[in-house]
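Trainee: I have a fresh model open on my screen and would love to walk through it with you. Shall we take it question by question?

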Amino acid sequence: MTDAAHAETHGFQTEVKQLLQLMIHSLYSNKEIFLRELVSNAADAADKLRFKALEDSALFENDGDLRVRVSFDQDAKTITLSDNGIGMTRDEVVEHLGTIAKSGTKEFFGQLSGDSAKDSQLIGQFGVGFYSAFIVADKVTVETRAAGAEASQGVRWESAGEGDYTVADIAKEGRGTDIILHLREDEHEFLDSWKVRSIITKYSDHISIPVQMWKDETPESEGPDGEKVEAVPGEWEAINKATALWTRGKNDISKDEYNEFYKHISHDFADPLTWAHNKVEGKQDYTSLLYIPSKAPFDMWNRERQHGLKLYVQRVFIMDDADEFMPGFLRFVKGVLDSNDLPLNVSREILQDTKTTANLRSACTKRVLTMLERMAKNDAEKYQTFWAEFGQVLKEGPAEDIANKDQIAKLLRFASTNSDSAEQNVSFADYIERMKEGQDKIYYVTADGYAAAANSPHLEIFKRKGIEVLLMHDRVDEWLISHLPEAEGKTLVSVTKGDLDLGDLDDEETKKQKEQDESEYASFVERMKESLGDKVKDVRLTYRLTDTPSCIVVDDNDMSTQMQKLMQAVGQDVPDQKYIFELNPQHALVKRVADEQDEAKFAEWASLLLDQANLAERGSLENPSDFIKRVNQLLA
Ligand SMILES: Nc1ncnc2c1ncn2[C@@H]1O[C@H](COP(=O)(O)OP(=O)(O)OP(=O)(O)O)[C@@H](O)[C@H]1O
C-alpha cells in the first residue's frame, strides 16, 4: 500500500462550517482552550478503550498504559497530541470530524447575530470540542487507527478548517489518535514547552490518564566536590496528577480544579454555578459529583437531547449521558456517578431494571434538590440566576416526581402582584408570610404572558382587598398547578375558576350589598340567560371585578383556559368549553344595560359584554369582525 491511499475530499456539513467560523472569531481571546478540549477527547478515548477491553483485553495490544503525549516540532511549527486510546475507523472519522450529530444544531446557528461578543456567549451553550483546534492552527492533520484494527487500516484526516477536508488510508503502527496542529503564523508561542506545560497542568490535573511531555536528557555533569554526576536520559514525564478527580478527598480539591473538571465533562467553557461531591459507603457504595451549570444548553428543550451523568463502575468509564440517574426535570445537571454496586458489564438494559439504579437515581435526585435548597437559602442572588436559566424545567418536577413534590414546591418561584416586575422571585413561603389575616388559601392566575396575567380583570377584587396573587405565565405553569393542589399545607386556588369565595375576607358591608343586588338584579340575570342561550353555561353576578363590567370563569371541575390551550398546542382534541358569564352589578355599563328596555338592543349589549369577557380571558375571539361591527354600531 502507498503511504496514503484511497484519498477522498469531503465537504463539511454546513453547521460545521458555521461552528468553525464562530469558534475562530469568538474564542480568540480564550484560544488556549484548544488544549483542554483535545486532552479531554484523548482522555475520553482512553476511557472508551478501557470499557471495550473489559470484554476483549486483546484490544490493548500489549500496551495497557493509556496516556496522551504532547510534543513539538520547532521546524515544522507543529504541536502534536498523541493518544493510545480507542482510535477511529475511517467511517467514524467522517462521521465525527465532518458533521455535528446533535439535533437542533441548525436552529442554533440560525440565532447567531454576527456580533462576536454575543455569539461567544452562545457558543458556550453549544460546547466547544475538536474543532477548537482551528483557533490556533491553519491546518490540522489527524492520524488515527482504531483499537483492534490492522496497522494498515489507519486513516489520515486533514483540513484547513474552511470548506472541506480529505481522508485517506495510511499505515499506522500504534493504536490511537495523533492530532497534529500546524500553528498559524502568529500562534508560534504554543511551541514553547513551558507555556504549554503550564496550561496543561491547569487544565488537566484532574484527568485520569497521564498527560506526558518529553523531558530532555540531563547530560553528565560535575558535582560541587568535583564528583561525576551521571547523565539522566530523556524520558516522557507525566505533568498532571492523573487521578480521577472524584476519587480524591474533597479537602484536597481546589475550586479551580472542580471548575476545570466540570469543563472537561461538559465541554462548557463557563464555570458551573455550584456542585456537590459525595462519597457514600455502606448499604450503597458510590461517589457522585454533580454540577449545576450557569447557562442552559442551546438544546435544553429538544426532546431527543441526551442528558444525564457520566457513569463509571469501580472507576471504569461505562457510558455517557446515563439518563437513568437523573429525572427529566433535572436534565440540566452534569456530573459523574461512580458506583461500586453495579457490575462492570452493565448495559442500558440491565440498568433499566435493577434496584440499584432506582436507589442511585433517588439518591442523586435528593442531592440535587438539597444543593438547590442550600443555594436558595444561602445565596438568593445566585439562586435567581439559576431560576432564570432552569426554573421552567424544574417546574416539570411536581408532575414527574410525586415523592419529592413538597421539596420541589419549596424551590419554585413566581412573579406576583406584590411587585410590578415579571421576575419570578416569590416562593410559596414568601407568599404565606404576607398572607392577610383570615386568608388561608394561595391565590394564583394563569395567562399567556406576564402582561396578560398582571392585568387580568380577575385580579380587581384582590387588588381592592390588598391580597397578593401569584402571576403564572410560563407555558408549563398550568401543567404544574394541575399537579400541585397545595403547597406548604395551603390550597392553591385559581382566581379565574368557580364561584370566588373569599370567606372570612369578605366584610359585612360587601355581604349586605350582595344580598341586596341578588334580589334587585334577579330579573336582569334571567334576561341575560335567555338572551345568550347556550353560548354560556350560566349567568350570575360577581364581586371579583371593579373596573371591568363582566368576565367569564370556568366551573370548579372544568378545564381552565390555559389548560385548554396547552392541550390544543400538543394536538389534543379539546371539547368546546362553556363558561359561566359573570356581571359586575356595580359597573355603570352593567347598570345601563339592565335599564335597557329595547330587547334587540339588550341582545346586542349582552353579546358585546360576553365578547369582551372572552377576549380578556382567551386572548382571541371566534368571530372578531362580528365583535367590531357590534362595537361600531353601539358607538355610532
Ligand atoms: N482523540 C480522539 N480519539 C478518538 N476519538 C476522538 C478523538 N477526538 C475526537 N474523537 C471523536 O470525535 C467526536 C467529536 O469530538 P468533539 O470534541 O468535537 O465532540 P465531543 O467530544 O462529542 O464533545 P461535545 O460535542 O460535547 O463538545 C468525539 O465524540 C469522538 O467520537
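Mentor: Gladly! Let us begin with a term: pLDDT is the predictor's confidence in each residue, on a scale from 0 to 100. This is a predicted model, which makes confidence a good place to start.

Trainee: Which helix of the protein chain has the lowest confidence?

Mentor: Start with the whole chain: its mean pLDDT is 90, and 97% of its residues reach 70 or more. At the upper end, strand β7 (residues 176–183) has the highest confidence, at 98. Where pLDDT is low, the predicted coordinates should not be read in detail. The lowest confidence in the protein chain, a mean of 71, belongs to helix α5 (residues 116–126).

Trainee: And what ipTM does the predictor give the complex?

Mentor: Two scores come with the complex from the predictor. The pTM is 0.78, and the ipTM is 0.96.

Trainee: On to the ligand, then. Which helix gives the most residues to the shell around the ligand?

Mentor: There are 13 residues around the ligand, and N41, D83, H96, V128 and F130 come nearest. By class, the shell has five nonpolar, five polar and three charged residues. The element that gives the most, with three residues, is helix α2 (residues 33–53).

Trainee: How much of the ligand's area does the protein bury?

Mentor: Let us look at the polar contacts before the area. A backbone N or O atom of F130 sits 2.8 Å from a ligand oxygen, while a polar side-chain atom of T177 is 3.3 Å from a ligand nitrogen. For H267, a polar side-chain atom lies 3.4 Å from an oxygen atom of the ligand. Taken alone the ligand exposes 610 Å², and the share of that buried by the protein is 79%.

Trainee: Now some single residues. Is T287 buried or exposed?

Mentor: T287 lies in strand β13 (residues 286–292). Leaving aside neighbours within four places in sequence, T287 is in contact with W246, H277, N278, K279, V336, L337 and D338. Its relative accessibility is 11%, and the limit for that class is under 20%, so T287 counts as buried.

Trainee: What is the relative accessibility of D477?

Mentor: D477 is part of helix α16 (residues 477–482). Beyond neighbours within four places in sequence, D477 is in contact with K395, F414 and M472. D477 counts as buried because its relative accessibility is 1%.

Trainee: How far apart are the C-alpha atoms of K465 and A522?

Mentor: K465 lies in helix α15 (residues 460–465), and at 17% relative accessibility K465 counts as buried. Along the chain, K465 and A522 are 57 residues apart. Their C-alpha atoms are separated by 26 Å.

Trainee: I also noticed E61 in the backbone angles. Where is E61 placed?

Mentor: E61 is not a glycine, although it has a positive phi of about 50 degrees. With a relative accessible area of 32%, E61 is partly exposed. Its place is in the loop between α2 and β2 (68–73).

Trainee: Last one: what is the relative accessible area of K77?

Mentor: K77 also has a positive phi, of about 60 degrees, although it is not a glycine. K77 is found in the loop between β2 and β3 (78–83). K77 is partly exposed, and its relative accessible area is 33%.

How values were computed. Residues numbered from 1 in each chain as written. Predicted model: local features only at pLDDT ≥ 70, side-chain atom pairs only at ≥ 80, totals over all residues. Heavy atoms only, no water. Near = heavy atom within 4 Å. Polar contact = N/O pair within 3.5 Å; in protein donor to acceptor, adjacent residues only side chain to side chain. Areas by Shrake-Rupley, 256 points an atom, 1.4 Å probe, with all protein chains shown as cover. Helix = DSSP H or I, 4+ residues; strand = E, 2+ residues; numbered from the N terminus. Nonpolar A, V, L, I, M, F, W, Y, C, P; charged D, E, K, R; others polar. Buried < 20%, exposed > 50% of the residue type's maximum accessible area, 1.4 Å probe, protein only. Contact = heavy atoms within 4.5 Å.
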